[in-house]
Structure formats: C-alpha cells, structure tokens
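Got the viewer open? Let's walk through some charged side chains, one selection at a time.

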Amino acid sequence: MTALAVGGHGDQVDPIAEAQARNATLAQFFLGDPQAWKGPEVAYEGGAAVLKAAAQEAGITLYVHAPYVLNVATTNNRIRIPSRKFLQQYMDAAAEVSAAAVIVHGGHLGKNDDPAIGFDNWRKCIDRLEMPVQLLIENTAGGDNAMARRLDRIAQLWEAVGRAEGGDTVGFCLDTCHAHAGGEDLAGLADRVKAITGRIDLVHANDSRDGFNSGADRHANFGAGEVDQQAMIEVVRTAKVPIVVETPGGRDGQGEDIAWLRENV
C-alpha cells in the first residue's frame, strides 16, 4: 500500500502545519477542550472558511474528534440532552471546515442500567441529528456497561442505529488500543467488525500501554506497548481505510509511528 492515507491527532490551532510536520495527508483535531462543556470553536487564524481553503490547497483531509464528555447513551438527562446538542454543534462546525467526518465515542451507562436503554438513546439521537458530514462511532476501551467496548454490544448498537432515520450513513471508527484493552483480539478483528457493521470507515492505529482486557485507555507508541504489531498491521491492511495515529510524543512521536506504518503496511 504505497499511498497510505495516514495522519495524526494534533493541536487544533493549525491542523495543516500539524499534518505537514508528520509528513501526513490528514489531520485529526478537537474544536475546543475535549473535557469541557463548551461549544466548538475554530482556532485556525482566519476561521473556518480559511482553514477549509488551506486544507484543500495543501491536500490535507480533516477529521474532527468530538469532546470526550459527550455521552448520548446515558440515562442521565443532564448529560444526555447537552450531549445531543453539542454533537449537533460539532457536526455543523465540522461541515464549515469541510471535514470528512466527526468521531464520537460510543458512551456508557451506569452499572445497574439496562443497556437496551442506551442503545435506544443512540437511535433517538441519530433520528434527530442532522448530518452534514459523516458521523463515525468509535469503540471504547473501558466500562462494563459501555455501548461499544465489545463486539456483542457493537452489534446491538448497530442494530439500534440502523433503525434510525439516516442510520445507514453512520460509520465506524476502529481503535486498536481500545479493542486490545477492551478485550477483543486484534487477529481477524477487522473482518469480525465488518461482519457486524458492514463497514470500517477509519482506523485509530495505537499501541496500548496496558495489557489485554485491562479496560485502560492509555495509548503507547508502536512497539512500546502491549499490542501485537503484526496483528495491528493486519487490521490496517484489512480495513483499507484512512488511518489516524494517536500515540504520544506529538509531532515527533507520531511522525515516527506514521513512517513505521508506511514501511510495514
């Protein structure tokens, strides 16, 4: 695969410079503080229209990651309702910069909550969501009552989302660290995911600091963690989609990992 579509997750002030520093063709970034309940803001000098034009001129594909605090599955109205509102705001803001997609975590429920409620909350969210760009739901590493940690839950989530208006356009982002830490063997994983969702639209290629089924969302640079490197390469090769590297070390650390992927995939 000589023309690997790959990039990293970098600072939101200048995603173009972040991609170029990594010798990458795409850039993933936040539109604000990922841990805060604050609406999206384009930090690029000149705003959304200037970033859109600069990305197109540079040949850089943009991806927006939604804040971590969003949880549209929860039974807590004080979180679920603002999460729906924020997700719509981030979808609209991503469209203004002509991003390829918005990535959002699958969310979770309290330990005593019925997971069926969470899946149906996802259906209701998609029913009401306007999607000017594609939405990608990402698998997560931890939580016994998570919506998208393990494949059996992802299957239930996908069935619920598929019943929503526009649900057939929702895509899937497969994170290798999250899968490993979440208790899913990477060997053959891409095919098992596709058998459930019918698609993989983006891969987050990350090593994991912690062991298999640890539930810990802690990324590591390639070869410095617990993920089997050949199994990760197999995921990337099988998925045949763009790749975002979210490993530590900023431009240098991710740049080395991106170069390693290009040499080995």
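Start by selecting D144: in this predicted model its relative accessibility is 66%, so D144 counts as exposed. Now add R149, which forms a salt bridge with D144, with the closest N and O atoms 3.7 Å apart. R149 sits at the other end of the scale: its relative accessibility is 6%, so R149 counts as buried. Salt bridges that share partners also join D120, R123, K124 and D127 into one network, and that's the next stop.

Select helix α4, residues 115-128, and show the side chains of D120 and K124. These two are 4 residues apart, about one turn of the helix, and their side chains meet in a salt bridge at 3.8 Å, N to O. How accessible are they? K124 has a relative accessible area of 30% and is partly exposed; D120, at 23%, is partly exposed too.

Stay in helix α4 and pick R123 and D127, again 4 residues apart, about one turn of the helix. Their salt bridge comes in at 3.1 Å, N to O. Is R123 buried or exposed? At 18% relative accessibility it counts as buried, since the cut-off is under 20%. D127, at 33%, counts as partly exposed.

If you want to hunt for others, the count for the model comes to 10 salt bridges.

Last stop: select D185, D191, D228 and E234, which form a negative surface patch. To get your bearings there, look for D191 in helix α7, residues 189-197.

How values were computed: Residues numbered from 1 in each chain as written. Predicted model: local features only at pLDDT ≥ 70, side-chain atom pairs only at ≥ 80, totals over all residues. Heavy atoms only, no water. Patch = residues over 30% accessible without salt bridge, like charges linked within 9 Å, V, L, I, M, F, W, Y side chains within 5 Å. Areas by Shrake-Rupley, 256 points an atom, 1.4 Å probe, with all protein chains shown as cover. Salt bridge = Lys/Arg side-chain N within 4 Å of Asp/Glu carboxyl O. Lys, Arg positive; Asp, Glu negative; His and termini not counted. Charge placed at Lys NZ, Arg CZ, Asp CG, Glu CD. Buried < 20%, exposed > 50% of the residue type's maximum accessible area, 1.4 Å probe, protein only.
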